[in-house]
Amino acid sequence: MKIGIIGGGITGLSTALALQKIGISSVVYEQAKALNEIGAGVWLQPNALKVLDWLGVKDDIVKQGIDLNRIEITNAQLKPYKHMESKVVQNEIGNKTVAIHRARLQNTLYQEVSKTTQVHLDKTYTSHTIKDNKINIQFLNGEDQVDILLGADGINSAVRQNLFPHAGLRNSGLVCWRGVSNYQLPSTYKNHGLEAWGKNIRFGFSSISRDEVYWFSVAKKDHVQKASTVDKREYLSQLFSNFDPIASELISNTNSNAIHQAMLCDLKRLPSWHNEKVCLIGDAAHATTPNMGQGACQGIEDAYYISNLLAQSNLSPSETFHQFQKERRKKVDYIVNTSWQFGKMAHSSIGQPLMKLMMKWTPESVLNSQMNKLYAIEKF
Ligand SMILES: Cc1cc2nc3c(=O)[nH]c(=O)nc-3n(C[C@H](O)[C@H](O)[C@H](O)COP(=O)(O)OP(=O)(O)OC[C@H]3O[C@@H](n4cnc5c(N)ncnc54)[C@H](O)[C@@H]3O)c2cc1C
């Protein structure tokens, strides 16, 4: 059985690795000529680390990243609304959250995958057809044939466009700028992830290596137009000038061209992720806004579930995909919806004070149990 995976991002590579681990071969087709994740960091939470451990790459990833033993929401002067014990960011077996440069994560997965799996670069999927039980994939430069196709081609998935042409994105009305700064945080923040809230704007950061700090900032979409007329770095430094000076220092230490801007969108809930022989995974199936830092973690969880189901030889592909959707749906729906609400509330003049009160008064035991639900992976 030949399984084709469209997309060599975090989900596609994790899935190829998971299949490899249980003895199923696959082929990855990636549109980029060279793997080049954007210059930003990513926070991998304990659920993702659990899967990465099973895949045999966790230690390598932890070594290249920074353990976060505290993630806090603070005011603009970095005073937390609630002090969190480290238990909140780790699971019952002690996996913490790890912050790492995206390119390092992708490269680690790629190095491991490419030991035994073919990863074809410069292969842009355009469409597929099914004939005589085989899937013929068309690329911009050629074609190939597989038995099963997994679409891991991200939020703007072309595989999804082929399966479900009416699927659409939801625009949150928020814009995010991200960057990586050569900088050393004061030692108090060395193992902290922080997100500081001002009026309608947010600024977050954490170390991702000994001398690199990943930062992100979120604001309403009207800032896109204003920011486009001046130097991005100057615009953002000005926007966050009332925040703790770390914010403007991080921005000023980042080259303007290396500041990545994106509108924050998610995917409108798809009634189904698959047909008989083709299934969507990761952002292609359930892209979320990043407010809970779970998008990539969910793609990594998908890798675990889909590979284990594909290993069950008594199931047809369509039964496998049906079961996959059944096992994954509740959790991803919860994440997509909660993250969406979080973004709305954090940028609303009524919602933000309400959230601060909720954070203050919610007992830590409740937060702990909410986070543990998020970190749990049923089959483990
Ligand atoms: C601002 C921001 C911050 C975030 N922070 C976090 C975080 O801290 N933690 C977290 O867990 N998640 C985070 N996320 C979410 C995370 O980035 C995504 O969920 C994750 O990257 C999805 O991985 P993916 O492999 O499914 O899709 P992608 O990363 O989009 O990868 C898709 C791959 O498919 C390739 N591709 C696309 N089209 C084609 C085609 N036609 N043919 C062949 N190849 C194709 C692309 O080149 C790409 O390599 C964040 C997202 C944003 C926007």
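**Reading strands, helices and a pocket**

Me: I see that strand S12 and strand S15 (residues 212–220) are paired over 9 bridges, in the antiparallel sense. Which residue of S15 stands opposite Leu174?

Reply: Before we begin, please keep in mind that this is a predicted model. Pairing is read strand by strand, and then residue by residue: here Leu174 has Lys220 opposite it in S15. S12 also has a second partner, since 8 bridges join it to strand S16 (residues 260–267), again in the antiparallel sense, and on that side the bridge partner of Leu169 is Leu267.

Me: How many of the residues of S12 are buried?

Reply: A residue counts as buried when its relative accessible area is under 20%. In strand S12 (residues 169–182), 10 of the 14 residues are buried, and therefore the strand is largely enclosed by the rest of the structure.

Me: Where else can I follow a chain of paired strands, and which strand pairs with S14 over 7 bridges?

Reply: That strand is S15, which runs antiparallel to S14, and the two form a hairpin with 2 residues between them; in this pairing, Ser209 has Glu212 of S15 as its bridge partner. On another side of the story, strand S13 (residues 192–197) pairs with S14 over 4 bridges, also in the antiparallel sense, and Ala196 has Phe203 of S14 as its bridge partner. As for burial, strand S14 (residues 202–209) is mostly covered, with 8 of its 8 residues buried.

Me: What is the sign of phi at Asn200, in the loop between S13 and S14?

Reply: The phi of Asn200 is positive, near 65°, although this residue is not a glycine. Asn200 belongs to the hairpin of S13 and S14, which has 4 residues between the strands, and at 29% relative accessibility it counts as partly exposed. A second case is Asp132, which also is not a glycine and has a positive phi of about 50°. Asp132 sits in the loop between strand S8 (125–131) and strand S9 (134–139), and, at 69% relative accessibility, it counts as exposed.

Me: Strands can also be parallel, I suppose, so which strand runs parallel to S1?

Reply: Strand S1 (residues 3–6) runs parallel to S2, and 4 bridges join them; Ile5, for example, has Val28 of S2 as its bridge partner. Strand S2 (residues 26–29) is also a good place to look at the two faces of a strand, for Ser26 and Val28 on one side are buried, and so are Val27 and Tyr29 on the other. In the loop between S2 and strand S3 (41–44) you will find Ala34, which counts as partly exposed at 43% relative accessibility. Ala34 and Leu121 are 87 residues apart in sequence, yet their C-alpha atoms are 6.6 Å apart in space.

Me: How should I read a helix, and what span should H4 have?

Reply: The general idea is that an α-helix has 3.6 residues a turn, so residues three or four places apart point the same way. Helix H4 (residues 102–113) has 12 residues, which at 1.5 Å a residue should span 16 Å, and this agrees with its end C-alpha atoms, which are 16 Å apart. The buried residues of H4 are Arg102, Leu105, Gln106, Thr108, Leu109 and Val113. Seen down the axis of H4, these buried residues fall within an arc of 160°, so they line one face of the helix.

Me: How many residues of helix H2 are buried?

Reply: In helix H2 (residues 46–54), 8 of the 9 residues are buried, so this helix is largely enclosed by the rest of the structure. Among them are Pro46, Leu49, Lys50 and Trp54. Gly56, which follows H2, has a positive phi near 85°.

Me: Finally, what is the volume of the second largest pocket?

Reply: Its volume is about 430 Å³. The second largest pocket is lined by 13 residues, of which Lys330, Lys331, Lys373, Leu374 and Glu378 are the closest to its centre. When you read a lining, ask also which elements supply it: helix H10 (295–310), helix H11 (317–346) and helix H13 (364–375) each supply at least two residues, and H11 gives the most, with 5 residues. By class, this lining has 5 nonpolar, 1 polar and 7 charged residues.

Terms used: Residues are numbered from 1 along each chain as its sequence is written. This is a predicted model: local features need pLDDT of at least 70, side-chain atom pairs count only at pLDDT 80 or more; totals for chains, interfaces and linings use all residues. Side-chain values use heavy atoms; hydrogens and water are left out. The expected span of a helix is 1.5 Å times one less than its number of residues. Buried means under 20% relative accessible area, exposed over 50%, partly exposed in between (1.4 Å probe, protein chains only). The arc is that of the directions from the helix axis to the C-beta atoms. On a 1 Å grid over the protein atoms alone, a cavity is a set of points where a 1.4 Å probe fits but cannot get out, and a pocket is an open set with protein on both sides within 12 Å along at least five of seven lines; lining residues have an atom within 4 Å of a point. Grid points are joined across faces, edges and corners, and a volume is the space filled by probe spheres set on the points. Ala, Val, Leu, Ile, Met, Phe, Trp, Tyr, Cys and Pro count as nonpolar, Asp, Glu, Lys and Arg as charged, and the others, Gly among them, as polar. Two strands pair if DSSP finds at least two bridges between them.
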